[in-house]
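Visitor: Please show me the model, and then I will ask how some of the labels are reached.

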Amino acid sequence: MTTRRLFSLITSLLATLASYHFLFSPSLSIERIDIHLKRINEEYRIITDEAEIHKNNPENASHRTIKITQLSDIHWDERNSKIKPEMLTESIKISNDFDPDLVFITGDIVDRSAEPIFSLSPFLKSIKSKRGNFAVLGNHDYLVDNFTFQRNPKEESCESEKRTINALGLSGSEIIRRTLEESGVRVLTNESQHPFKDHLVSVVGIGESKSSEYHPERILKENDTQISPLTLVLSHNPETAHNLSKYSYTIQFSGHTHGGQICIPFTKIPLIKYLRPFVSRLPNFLTKGLPGLLSRNDRVTWKWFQGLHEVKRKGREGSNWLYTSRGLASSLRFFCDPEVTLFQIHLYD
């Protein structure tokens with residue numbers, strides 16, 4: 001197949017998918033995930049055997065349940081938003097109705113400008129949880145560094161806030177971090193928090209892997225015991241599970257992949273996984289307009305593109321687990337609906 005014919009084929013495919021998107025907008029999916037864990041020595045480990053789960057069923061065994069909502073990849077930008085305000089409002093309502101103990105926001109909160117974080121703030125302030133809202137930044141939240149405000153906001157109070165913050169000379173990612181904190185969302189960068197008084201649970205946030213802030217060694221120790229019996233790690237890119245497998249923790253929460261966005265119908269297999277080898281044969285000038293996930297520079301292996309996965313630890317017994325959210329940004333999706341994820345974590349001693 002010639003390069004020209006290959007490019008024509010990919011362009012036609014993308015045009016077809018774009019038409020499908022505008023005719024049949026993706027609907028929000030609610031993913032309900034029940035995870036059962038049993039305490040073994042100093043840590044909780046996931047129970048995968050059905051007989052063992054039945055033995056430790058909540059109906060006939062003393063246990064503790066922690067409820068967690070995961071929201072990921074909002075990519076908010078009111079000028080060219082990849083998510084409609086109505087869908088974001090619905091996602092937050094679903095989460096609030098779930099009455100979670102914890103809410104995790106796993107990166108790519110804005111798209112390519114820091115400015116929209118101010119209009120996103122009221123949405124963030126409406127997110128409710130019993131023990132705290134936590135976030136990590138994603139690669140798009142760092143792409144906004146060295147930005148300039150390009151237009152005045154409609155709200156005078158917001159305009160005053162922008163002038164004040166901009167006068168401080170903060171980078172785009174620092175403004176995002178600051179605004180998140182002021183909106184009731186604790187941003188974790190290579191640090192941990194204990195949201196419960198008994199310190200049974202640690203929430204660990206890892207710096208974005210494509211930034212200079214990726215330093216998991218500052219909070220996790222190689223081949224060491226977990227920080228807490230239940231250690232929950234937030235890391236935007238699921239590919240970090242490779243490197244993080246030398247550390248011990250319970251579950252990693254990630255996003256980034258959007259589930260592949262374009263999946264083979266009824267299979268959840270991302271078409272991009274098979275298109276990329278062909279795209280890599282195209283000259284650079286022909287790939288500039290393709291979606292980011294098709295870029296030859298994005299090194300996602302698509303091993304953990306969505307859902308729950310077991311990741312064997314390096315150099316020691318046991319496994320870490322990884323959940324990859326398809327995220328909320330809804331642009332150009334095909335058989336890959338955006339999701340809000342509701343976890344019930346059942347703990348048995």
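Visitor: Why is C336 called buried?
Guide: This is a predicted model. The relative accessibility of C336 is 3%, and buried means under 20%, so C336 counts as buried.

Visitor: What makes C263 buried or exposed?
Guide: C263 has a relative accessible area of 2%. The cut-off for buried is under 20%, so C263 is buried.

Visitor: How many disulfides are there?
Guide: The count comes to 0 disulfides. C263 is in none, and its nearest cysteine sulfur belongs to C336.

Visitor: Why is there no bond from the sulfur of C336 to that of C263?
Guide: A disulfide needs two cysteine sulfur atoms within 2.5 Å. The sulfur of C336 is 4.0 Å from that of C263, so the pair is too far for a bond.

Visitor: What is notable about the phi of N190?
Guide: Most residues other than glycine have a negative phi. N190 is not a glycine, yet its phi is positive, at about 55°. N190 sits in the loop between β6 (185-187) and β7 (191-193).

Visitor: Why is N190 called buried?
Guide: Its relative accessible area is 11%; the label applies under 20%, so N190 is buried.

Visitor: What about H256, in phi and in burial?
Guide: H256, also not a glycine, has a positive phi of about 75°. H256 lies in the loop between β10 (251-254) and β11 (263-264). With a relative accessible area of 5% against a cut-off of under 20%, H256 is therefore buried.

Notes
Residues numbered from 1 in each chain as written. Predicted model: local features only at pLDDT ≥ 70, side-chain atom pairs only at ≥ 80, totals over all residues. Heavy atoms only, no water. Buried < 20%, exposed > 50% of the residue type's maximum accessible area, 1.4 Å probe, protein only. Helix = DSSP H or I, 4+ residues; strand = E, 2+ residues; numbered from the N terminus.
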